[in-house]
Amino acid sequence: MNRSTKKPPILWGLVFVPLLSFAQPLSLFNHFDKKRYNFSLQYRNANDAIALKDEAQYTWSTKGYSPKEGTNIAIVSHRADIGMGLGDWYLGYALRYEMFVKTDKQTTDILQLVNTKSDLPLGERYDALLKVYGLASHNLVLSKSFVINPNFKAFGGVALLQAFGMQEGFVDAYADIVSTKTYDFEGYSEYYYHKNLLYSLDVEKPLGYGYSLKMGLEYQHAQHTLTLLIEDFASNIYWHELPYSEVSILSNKKEYDKNGYVKYKPSLSGFERYEE
């Protein structure tokens with residue numbers, strides 16, 4: 001049986017409040033912007049832990065690192081659209097890449113310390129939980145606009161999609177600091193993927209096929225325009241042979257670099273399979 005996946009609301013706008021909260025960093029389809037011939041690129045990122053202006057140059061450094069207490073999220077939303085409009089209709093192609101990561105301050109703190117090779121606080125324990133959802137897809141988009149009255153119009157659309165990239169799962173772990181340069185850790189992960197980012201593993205690349213629905217409303221009054229866009233408010237993707245793993249991770253194999261910082265080759269136990 002093929003695995004069916006629905007896109008989570010916080011990234012894709014299945015409900016109004018999350019969509020409005022994250023409207024700025026999301027790349028959204030807007031029929032109202034489409035002309036006779038159209039080409040557009042959207043590149044939007046948001047990150048609680050690392051200031052965007054510092055992200056490229058100061059990733060994880062003290063200068064660019066400023067996480068929130070409690071939940072921290074990161075969003076990557078990129079898309080390219082090309083198509084044409086004819087009257088009230090639009091037909092086009094979209095290449096989409098989206099990634100959503102949710103974690104907490106303890107997780108980002110230990111990652112920041114390890115990535116910058118800073119001195120670790122002796123005797124501390126860090127509880128780490130990281131959740132990720134990402135998708136890359138080709139989309140054939142068809143939409144139509146409707147005039148409700150002179151000031152109010154709407155559009156509805158559907159995208160038939162082929163998904164070629166998938167990252168969905170979590171890592172739940174803890175790390176005990178045993179010296180200023182060494183820590184022990186143990187964790188557990190459940191993970192769907194097209195490429196394993198947790199550990200090295202060669203797999204056959206999966207493909208998924210599905211659909212998503214989108215709509216929009218636009219109200220004009222005098223010189224003001226109010227637009228509401230709802231991306232993927234109903235959607236499904238059916239995967240064939242999607243790689244999946246459930247593994248426990250243990251830091252019982254260690255190496256050290258020339259400066260004495262620990263480098264791990266962790267032991268893994270569990271199982272891996274293809275979901276059909």
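User: Morning! How far apart, N to O, are the side chains of E231 and R79 in their salt bridge?

Analyst: They meet at 3.6 Å in this predicted model. A salt bridge here is a side-chain nitrogen of Lys or Arg within 4 Å of a carboxyl oxygen of Asp or Glu. This pair links distant parts of the chain, with E231 in strand β9 (residues 224-240) and R79 in strand β3, 152 residues apart. Strands (E, at least two residues) and helices (H or I, at least four) are DSSP runs, numbered from the N terminus.

User: Is E231 buried or exposed?

Analyst: E231 is buried, at 3% relative accessibility. Buried means under 20% relative accessible area, exposed over 50%, and partly exposed in between, with a 1.4 Å probe and protein chains only. R79 is buried too, with a relative accessible area of 4%.

User: Which residues join R79 and E231 in one salt-bridge network?

Analyst: Through shared partners, D81, R96, E98, K214 and D232 belong to that network along with R79 and E231. Within it, R79 and D81 come to 2.7 Å, N to O, and D81 counts as buried at 3% relative accessibility.

User: And how many salt bridges does the structure hold?

Analyst: There are 14. Another one joins K68 and D48, with the closest N and O atoms 3.6 Å apart. K68 lies in the loop between α3 (55-58) and β3, and D48 in the loop between β2 and α3, so the pair ties together parts 20 residues apart in sequence. K68 is partly exposed at 42%, as is D48 at 24%.

User: Changing topic: what volume does the largest pocket have?

Analyst: About 1,400 Å³. It has 49 lining residues, and T107, L111, L130, V171 and L198 are the closest to its centre. A pocket is an open set of points on a 1 Å grid over the protein atoms alone where a 1.4 Å probe fits, with protein on both sides within 12 Å along at least five of seven lines; lining residues have an atom within 4 Å of a point. The volume is the space filled by probe spheres set on the points, which are joined across faces, edges and corners.

User: Anything on α4? What does its buried side pack against?

Analyst: Its buried residues pack against β4, β5 and β6, with contact meaning heavy atoms within 4.5 Å.

User: Any ground rules?

Analyst: Residues are numbered from 1 along each chain as its sequence is written, and side-chain values use heavy atoms, leaving out hydrogens and water. As this is a predicted model, local features need pLDDT of at least 70 and side-chain atom pairs count only at pLDDT 80 or more, while totals for chains, interfaces and linings use all residues.
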